[in-house]
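Good morning. I was asked to walk through one structure for the group, so please have the viewer open.

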Amino acid sequence: MMSRRANREIPQLENDSIVAVKGKIKSVYCKNFVTYGECTFHPTEYLNVIIGPNGTGKSTLVAAIVLGLGGKPELLSRSSSIGDYVKNGRDEAMIRVEIFRETYNKSTIFQRCFPRSGKSTYKIGEDTVSERNYLAAIMEFKIQIGNLCQFLPQDRVQDFAKMDPQKIFFNTINSVCSTETLNTFDELKKLRLNQTNEADGVRKKKEELEQLQAQCHILCQRLERFNEQQEYQNKLDVCHAKKLQLEVRALDEKKKQETKDLLLAKTKLEEEQKKYDIIIRRQHDISKTSQQLAKDIASKEREEQTVIAKKQRIEEQIKILKDRIEQARTTYLKKKREKADYDNELQNETRILRLFLDDLTKAKENIDADKDWKSEKLALTQKLQRLKEELAGYMKTRSEINSKLDEQYTPDIGLLTRRLERANDVHAQKLQLIREKYPEVYRGVQWLNDHKDLFQGRVYNPMILELSVRDPAHAKYFENTISIRDLLAFTCENKEDVSLLVNELCVKQKLQVSVGHAPPASKINYRADVSIDSLRSCGFTAYLIDLIDGPPAIINYLCNLNGIHRIPIGSSAVNEKADDVPNNINFFFGGDQLYSVKVSRYSGEKSILQNQIIGKNLLTSRNTNQILEDENRLRVLKRGSDALKNQRTALENKIEETNVKREEVMARNRTIEGKIAERGQLEEKCRRQNDKVKQLKNNVINLPELEKTFSEKVKSCLQEIMQLQSEKIEILKSLQQALLNKKFAVMKERIFKQENEELINTIRETTDSKAQASRMVETITRTMEKTTQLLDSKTAEARKAKRECKSLELFNQLPDTMDELKEAINEFKARLECMGDVDKNIVAEYKQKCADIEKLKEEMQNSEHNRQDIATKIRTLHDGWYPEIEGIVTTLNIHFSDFMTSMGYVGEVNLVRREEFDYDTYGIQIMVQYRSNAQLQALDRHTQSGGERAVAIATYTLSLQHITHVPFRCVDEINQGMDANNERKIFEMLVKETTQTGRAQYFFVTPKLLPNLLYNERMSVHIVFNGKMVKSPNAFAFQM
């Protein structure tokens, strides 16, 4: 990337005060900005014409001025992220703009640095400041980067024609009026808004007043009904008071009757009490006799239980003795069986002893055979030792092989195998990438996987998951063609599903995700216009569409959106054949380079913009080099492992053969050892068998003694049982007598109760009569107490009601019978019900409404006074502000008309408005006429052609030069679309207007100029030669 310097700087004048230079640009320095590695631009004081071929960096200088003076990237209409302006291969860019202050000797440097992340840092001089303070300092120089009347970048030239008259008026006065005038305009708009609000407030209050007056009239009618209802309510209250008086009289009569009833009940209770006292004395004697009989029965029952307990104890003792006899008999029979088994065992062991003795005699006769067995055993022992040593060697070698496999091969093979499995699982890696870098998209994927049944058609996950690049090396081409936003977007085949998915993810879950619509498709509907075979001579190998797999709907969507079926790719050889690429291909890749082709609309020349690309690891997370390296390493390890395993298998076969031989030798050795040890074993067996026979003979069981012991024990137990049976007979006799005594006592008690049953019934009846009389007294007493309490309550209530009566005359006239009084009450209630419900708060509400009406009238009067005061202030400010605005528009109209007339056209600049004081409708209407048979028409983007709009816009900006208050203006490629005649006239006017003393600094950017144009000493032409073909930064440097 080459650096360029302008041909000369702003000259120093002897008297700094002659021309105002505050706010003019002294220099612009860029570093790592777009296509510039490092560049310093020194403009002159008046007209600066910046010219150069397309793609060389003219507009980059304009972008540097915009961004360096605090402008947003959106003003350039190229990218919304300032990080995109950092040069490829660099991490951070820097812009430094030096601005003149009051004189040429004083200047201020504004510096802005920004990395690819887009977070800018700001400096004024050497001091780091906030963005807010940075912009405030720039505004002090009257620099308005966002004002199209001051700054018109290339990509926003047509935006000027899109502005309505109000926006043109606003941008114009901001660029030509003083701060005081602008502040007055803002104050007038605020006052106008306040005046409108006050008028709206008066109108609303008037409507509210009319509503309140209507409501008050209705309330007045309801108040009359309320008063009538209140009159009947008062009469009803008098009736209730009279009713209470009658109820008091009735309760007083009831109390007197209850007093008489209570006296009679007490007399009855006294009579019943006397009868009860006489009968209760007789009951005492009967109860005493009955208790004595009950005691006799209880005594007999205790005697019965004592005898039964003795009988049970004797029966338990007899059972114990019988158990002892049975136990002794069982022991005797067991010993008898053991005696028979013992005799059989002794006989068998004696026979075995005789056999062992016979074998021992035969063995002693064969002494010579022992010598041959011992010599053979010695030879076998030596052979067995050799086989053992050979087997140990094999085992050691196998252990070494196993150790080598376990330590050097198996862990590495397992590690590489797992690593390759993870590396080849591209979908899982992509999902993990989304989870780490784009967590909201990952949450959307998780939700969609769980709720796919909610949608009518197919819904695709983000393209990063749905698309599969056949060769990972080609992923970088797609990542530099398809935006990240599209790669992370969900895609629906059904339009209704798009709304549903947006509602679920973006509205309900507040996720920042994108959703697109791709019509369903069963095949890919797009094909390249030019066959790839015809492009192979240029180094191309395939189109992007041939390098990717995915659902047809998504591939068709990308073809429609990004044209991947028209973008070819090739190797680095494409660079040498770039000029031979057909004109209908304006976007292609070669190796690591992106080529963008532009064809000039004027000269037809083709310019190619070349940028280096890098992969973003979005469509594939596979490291191909690492995978190939791991696969080669795995193959080497497996070959080494297989060789060792083959060696181990051969060793294991040898170990198996050696073990077979060893087992045969050991078996023969055991046979010989058995033959040699047979004589000693026979001697030992004879000795042990002889000891066993002796032990059996010493343990003989004495059967007669056992029979004697058993007989004596049975005899003793039978004697004890006979004695206990005798005692049991005596106890049974006692039990029989006790049962007879108990039965006699029970019969005696039953006879006594039968004889006194009549007396018991009499006692029960007397007791019930007494209790009934007592309850009657209590009931009457409680009733009388309630009557007394009610009487007292009603008396107090009646007195209070009579005191509160509003008509004692009506009270005295009411009937003294309850039935007649109830008829009168029902009549009054019926009349009240016919009147319906009336709000009890009607009186308070009526008073409140009247108060609200008076308050509203007062507020309306105050609002009217405020509105008149605001109108006076507006008139005063307007009289001082409007003549200046009218003069500015008149001046603009004169110069605009003159410029248009000089080119053979007609033009006017008019001040338009709806009303005199409606400042929001103030606008500037640009009227133009390019043909004699046409009428004057307003400038807009629909009526005039692109060239006609460019002429009008250029003429208007030149007209502003006469009354400018901004330090500089900039227009980028405004002459595009003009015919040669208009372009020449516009340029001549531009030179004349911008080179006059005291005029604002002017930047005119264009890719080409007509020959033999007007020149002035106060203008400078800056030619931009920037590109990879320029080998030296000083190739075009020269001094004026």
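I will start with the whole chain, then go through one helix, the cores, one set of strands, two loop residues and the cysteines.

First, a caution: this is a predicted model. Every number I give is computed from that model.

The protein chain has 1040 residues, and buried residues make up 39% of them. It contains 21 helices and 24 strands. Take the contacts in the chain with a sequence separation of 6 or more: 75% of those are between residues 24 or more positions apart. As for the surface, the chain exposes about 60600 Å², and carbon and sulfur atoms supply 48% of that area.

Now find helix α1, residues 58-68. How many of its residues are buried? Eleven of the eleven are, so the helix is largely enclosed by the rest of the structure. If you click along α1, the buried residues include nonpolar ones you might expect, such as Leu 61, Val 62 and Ile 65. Lys 58, Ser 59 and Thr 60 are on the buried list as well. Just after α1 comes Gly 70, with a positive phi of about 90°.

Next, the nonpolar cores. The largest one has 58 residues. Which residues have the most contacts inside it? They are Phe 478, Leu 501, Phe 540, Leu 544, Phe 588 and Phe 589. Take Leu 501 as an example. Leaving aside residues up to four places away in sequence, Leu 501 touches Trp 447, Phe 455, Val 459, Phe 490, Cys 492, Cys 506 and Val 515. There is also a second, separate core, which has 53 residues. Among its members are Leu 188, Ile 885, Ile 888 and Met 989.

Phe 589, from the list for the largest core, brings us to the strands. Phe 589 is in β16, where it is the bridge partner of Ile 569. The two strands here are β15, residues 568-570, and β16, residues 587-590, and they pair in the parallel sense over two bridges. On to the next partner: β16 is joined by four bridges to β17, residues 593-599, and this pair runs antiparallel. In that pair, Phe 587 stands opposite Ser 596 of β17. So β16 has a parallel pairing with β15 and an antiparallel pairing with β17. The hairpin of β16 and β17 has two residues between the strands, and Gly 591 there takes a positive phi near 65°.

Two residues that are not glycine also have a positive phi. Val 34 has a value of about 50°, and it lies in the loop between β1 and β2. Lys 510 has a phi near 60°, and its place is in the loop between α12 and β12. Are these two buried or exposed? Val 34 is partly exposed, with a relative accessible area of 28%. Lys 510 is exposed, at 61%.

Last, the cysteines. A disulfide is a covalent bond between the sulfur atoms of two cysteines. How many disulfides does a search of the whole structure find? Zero. Individual cysteines sit in different surroundings: Cys 559 is buried, with a relative accessible area of 2%, whereas Cys 850 counts as partly exposed at 28%.

That is the end of the tour.

Definitions and conventions
Residues are numbered from 1 along each chain as its sequence is written. This is a predicted model: local features need pLDDT of at least 70, side-chain atom pairs count only at pLDDT 80 or more; totals for chains, interfaces and linings use all residues. Side-chain values use heavy atoms; hydrogens and water are left out. Buried means under 20% relative accessible area, exposed over 50%, partly exposed in between (1.4 Å probe, protein chains only). Two strands pair if DSSP finds at least two bridges between them. A disulfide is a pair of cysteine sulfur atoms within 2.5 Å. A nonpolar core is a set of buried Ala, Val, Leu, Ile, Met, Phe, Trp, Tyr and Cys residues joined through side-chain atoms within 4.5 Å. Contact means heavy atoms within 4.5 Å. Accessible areas come from the Shrake-Rupley method with a 1.4 Å probe; for residues, only the protein chains shown count as cover.
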